[in-house]
Structure formats: C-alpha cells, structure tokens
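Subject: Structure handover and notes

Dear colleague,

I am passing the structure below on to you, together with a summary of what was found in it. Please read the notes with the model open beside them.

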Amino acid sequence: MKKYLTTAEVAERYRTSPATVRYWRYAGTGPLCFIKRGRHVLYDAQALDKYDAEEIGGRCAA
C-alpha cells in the first residue's frame, strides 16, 4: 500500500468526487491528515486508516 494518497485516490477510497475531498479540506471537515508539497496535496494512508477506525467506532458505539 502507498504511504501517501492523492486527492483523487482519497475520493475513490470514500466513493466521492475529488471536489468533495477538496471541500472537506477547505471546510476543515473529513480527514484532515494531509500535507502540501508545492502545489500537490497528499494524504497519509495510515492516518486515513486511523480516521476511519475512529469514525466507525464512534458510530457503532451509539
């Protein structure tokens, strides 16, 4: 598995559009585990896994 994912790869992972992922980044919602390298935005795959676990755990506990 890749260490970093592009916006398009994150969108595919969450079955949404890249525009939605960019909006999440702009609005400060969704997974915030990204870094900027020049004009490129990359998401840490391990941090996304952790984000998923926290989101699922919070929903299943209720």
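The protein chain contains three helices and three strands, and, read along the sequence, these elements follow the pattern β-α-α-β-β-α. Please keep in mind throughout that this is a predicted model. Taken along the principal axes, the C-alpha atoms of the protein chain fill a box of roughly 40 × 25 × 20 Å, and 23% of its 62 residues are buried. If one considers the contacts between residues at least 6 apart in sequence, 46% of them join residues that are at least 24 apart.

I will start with the sheet. The three strands form an open sheet in the order 1-3-2, with antiparallel pairing. Strand 1 and strand 2 stand at the edges, and each has a single partner strand, so one side of each is left without a neighbour in the sheet. On average, and with direction ignored, neighbouring strands of this sheet are turned by 40° against each other.

The two pairings can be followed residue by residue. Strand 2, residues 34-37, is joined to strand 3, residues 40-44, by four bridges, and the two run antiparallel; within this pairing, F34 stands opposite Y43 of strand 3. Strand 2 and strand 3 form a hairpin with two residues between them, and in the turn G38 has a positive phi of about 70°. On the other side, strand 1, which covers residues 4-6, pairs with strand 3 over three bridges, again in the antiparallel sense, and here Y4 has D44 in strand 3 as its bridge partner.

Next comes the interior. In soluble globular proteins, nonpolar side chains tend to be buried together. In this model, the largest nonpolar core has nine residues, namely L5, V10, A11, V21, C33, V41, Y43, A45 and L48. Helix 1 (7-13), strand 3 and helix 3 each supply at least two residues of this core. Y43 therefore appears twice in these notes, as a member of the core and as the residue opposite F34.

Which aromatic rings pair up, and how are they arranged? The structure holds three aromatic pairs, of which I describe two here. The rings of Y14 and W24 have their centres 6.1 Å apart and their planes at 80°, so this pair is edge-to-face. Because Y14 lies in the loop between helix 1 and helix 2 (18-27), while W24 lies in helix 2, the pair ties together parts that are 10 residues apart in sequence. Both residues are partly exposed, Y14 with a relative accessible area of 23% and W24 with one of 21%.

Y23 and Y26 form another aromatic pair, which is tilted, with 6.3 Å from centre to centre and 40° between the planes. Both of these residues lie in helix 2, three residues apart, which is about one turn of the helix. Y23 is exposed, with a relative accessible area of 52%, and Y26 likewise counts as exposed, at 71% relative accessibility.

A further contact with an aromatic ring involves a charge: the charged end of R25 sits over the ring of F34, 5.8 Å from the centre of that ring. F34 is also the residue that stands opposite Y43 in strand 3.

Finally, a note on helix 3, residues 45-61, where D49 is found. Is D49 buried, partly exposed or exposed? At 36% relative accessibility, D49 counts as partly exposed. D49 and A19 are 30 residues apart in sequence, and their C-alpha atoms are 21 Å apart in space.

With best regards

Definitions and conventions:
Residues numbered from 1 in each chain as written. Heavy atoms only, no water. Pairing = 2+ DSSP bridges. Buried < 20%, exposed > 50% of the residue type's maximum accessible area, 1.4 Å probe, protein only. Core = buried A, V, L, I, M, F, W, Y, C linked by side-chain atoms within 4.5 Å. Phe/Tyr/Trp six-rings, centres within 6.5 Å; stacked < 30°, edge-to-face > 60°. Lys NZ or Arg CZ within 6 Å of the ring centre and 35° of its normal. Axes fitted to C-alpha atoms, helices over the stretch in contact; angles between N-to-C directions. Contact = heavy atoms within 4.5 Å.
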